[in-house]
Amino acid sequence: MDAYYDGELTASDIPIADGAVAVDRGSKTRRSLSLTVADLSYLPWDATDKLASYGQQLVVSRGIRFSHGDEMIPLGTFRINEPQGDVHEGPVTLTGVTAEATVSDDVFMIPTSTRGYGNCIDAIEFLIRQTIPDAPIVNLTADGRNPVCPVATWDSGANRWDAVVQVATAMRAEIFVDVIGRFVLVDLPDPLAVPVVWDIAEGEGGTLISASRQMSRTSVFNAVVVSGENSAADTAPVSGVAYDNDPSSPTRWGGPYGRVPKMYSSSLVVTAGDAQSLANYMLADLTAPNLQTSISSIPNPALEAGDCIRVSYAGRKELFIAQSFSVPLTAEGAFPITLRGGKEDVG
């Protein structure tokens with residue numbers, strides 16, 4: 001783990017007593033850091049100290065040290081928040097977050113519009129680079145789509161990151177900061193449509209330590225209503241509705257599960273076709289969490305939230321999307337993973 005301040009390396013190979021990097025698709029900040037450093041000399045006293053909270057950053061990785069060199073996998077770059085510790089005994093503890101938080105903190109000081117930015121990527125670059133001028137922004141959607149961006153305006157005081165997410169959602173994508181600090185746009189993951197990146201199995205040669213299953217109604221919807229109204233674009237209000245109409249689905253609309261619609265409104269939706277397309281796109285992800293499976297495995301620091309995992313256990317083989325997990329920064333730490341959207345692997 002290395003520390004940086006204003007782009008300059010201030011400390012390298014900081015010894016870690018304990019810590020973890022939490023990764024969560026459902027969080028506004030995709031990655032967050034919790035850390036314990038036993039060496040009391042790292043307790044910050046001044047604004048420019050190595051682990052102070054005035055723009056200092058930590059670059060964190062996990063890997064294996066060999067005699068011929070280290071093999072490390074990056075886990076993220078984190079802005080330091082809330083360092084603290086007993087001034088006589090320590091240890092030093094702190095938290096950190098990735099760059100979504102930097103954009104989120106920079107609320108609009110004046111009303112801000114996408115006017116003049118013809119497509120969604122241009123608008124996203126404008127919104128992010130007002131805060132971080134050199135921010136790398138990468139469009140990894142499958143078809144590299146970059147639709148026209150309608151004119152949208154946010155009031156002073158509005159959250160800038162929320163605005164970025166709204167534009168990404170309008171182009172049917174999600175956006176987050178990855179392990180090397182890029183703002184990445186990707187498709188919503190589908191366990192039946194994306195390649196498996198990791199096999200977790202029980203028994204000899206497997207990496208599965210434990211597994212538990214939980215069914216929950218939380219955040220499970222069986223219809224999506226998308227509406228849009230944009231006075232700046234001089235367009236009439238529009239809407240689109242998508243239902244879970246699969247007769248074999250336990251959450252089907254009108255079935256025993258009941259009616260649980262999700263409402264979503266955006267000024268970036270200006271045509272009925274856009275509204276319907278977005279509703280269809282959102283539905284698959286919103287019906288996915290009807291089964292949540294939590295497993296514990298040997299740590300895999302290369303895993304990203306949204307990756308597809310195959311789990312073989314209890315005589316079953318299923319495909320899941322990695323929803324959240326926590327990568328330990330010590331050799332003995334646990335590696336819990338929460339999965340969602342389980343589908344039988346029939347391949």
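**Pocket lining, compactness and exposure**

Analyst: In this predicted model, the lining of the largest pocket draws at least two residues from each of the following: helix 3 (160–170), strand 11 (174–177), strand 17 (261–265), helix 4 (272–287), strand 20 (316–328) and strand 21 (336–344).

User: What volume does the largest pocket have, and which residues are closest to its centre?

Analyst: The volume of the largest pocket is about 1100 Å³. Its lining comprises 37 residues, and those closest to the centre are Arg-25, Gly-26, Val-165, Glu-174 and Asp-285.

User: How do the residues of that lining divide into nonpolar, polar and charged?

Analyst: There are 14 nonpolar, twelve polar and eleven charged residues in the lining of the largest pocket.

User: How many helices and strands does the protein chain have, and why is it called as compact as a globular protein of its length?

Analyst: The chain contains four helices and 21 strands. Its radius of gyration is 22 Å, and the globule rule gives 20 Å for 347 residues; the two values are close, so the chain is as compact as a globular protein of that length. Along the principal axes, the C-alpha trace spans about 65 × 60 × 35 Å.

User: What percentage of the residues in the protein chain is buried?

Analyst: With under 20% relative accessible area as the cut-off, buried residues account for 44% of the 347 residues.

User: Why is His-88 called exposed?

Analyst: The term exposed requires a relative accessible area over 50%. His-88 has 71%, and therefore it is exposed. His-88 belongs to the loop between strand 6 (69–84) and strand 7 (92–97), and its C-alpha atom is separated by 50 Å from that of Asp-285, 197 residues apart along the chain.

User: Which peptide bond is cis, and what is its omega?

Analyst: The cis bond joins Gly-90 and Pro-91, with omega about -5°. Pro-91 is also found in the loop between strand 6 and strand 7.

User: What sign does phi take in Asp-6 and in Arg-172, positive or negative?

Analyst: Most residues other than glycine have a negative phi. In Asp-6, phi is near 55°, a positive value; in Arg-172, phi is near 60°, again positive.

User: Why is Asp-6 called exposed and Arg-172 partly exposed?

Analyst: Asp-6, in the loop between strand 1 (2–5) and strand 2 (8–11), has a relative accessible area of 70%, so it is exposed under the cut-off of over 50%. Arg-172 lies in the loop between helix 3 and strand 11. Its relative accessibility is 26%, so Arg-172 counts as partly exposed, the class in between 20% and 50%.

Conventions
Residues numbered from 1 in each chain as written. Predicted model: local features only at pLDDT ≥ 70, side-chain atom pairs only at ≥ 80, totals over all residues. Heavy atoms only, no water. 1 Å grid on protein atoms, 1.4 Å probe; cavity = no way out; pocket = protein on both sides within 12 Å on 5 of 7 lines; lining within 4 Å. Points joined across faces, edges and corners; volume = space filled by probe spheres on them. Nonpolar A, V, L, I, M, F, W, Y, C, P; charged D, E, K, R; others polar. Buried < 20%, exposed > 50% of the residue type's maximum accessible area, 1.4 Å probe, protein only. Rg over C-alpha atoms; globule rule 2.2 N^0.38 Å.
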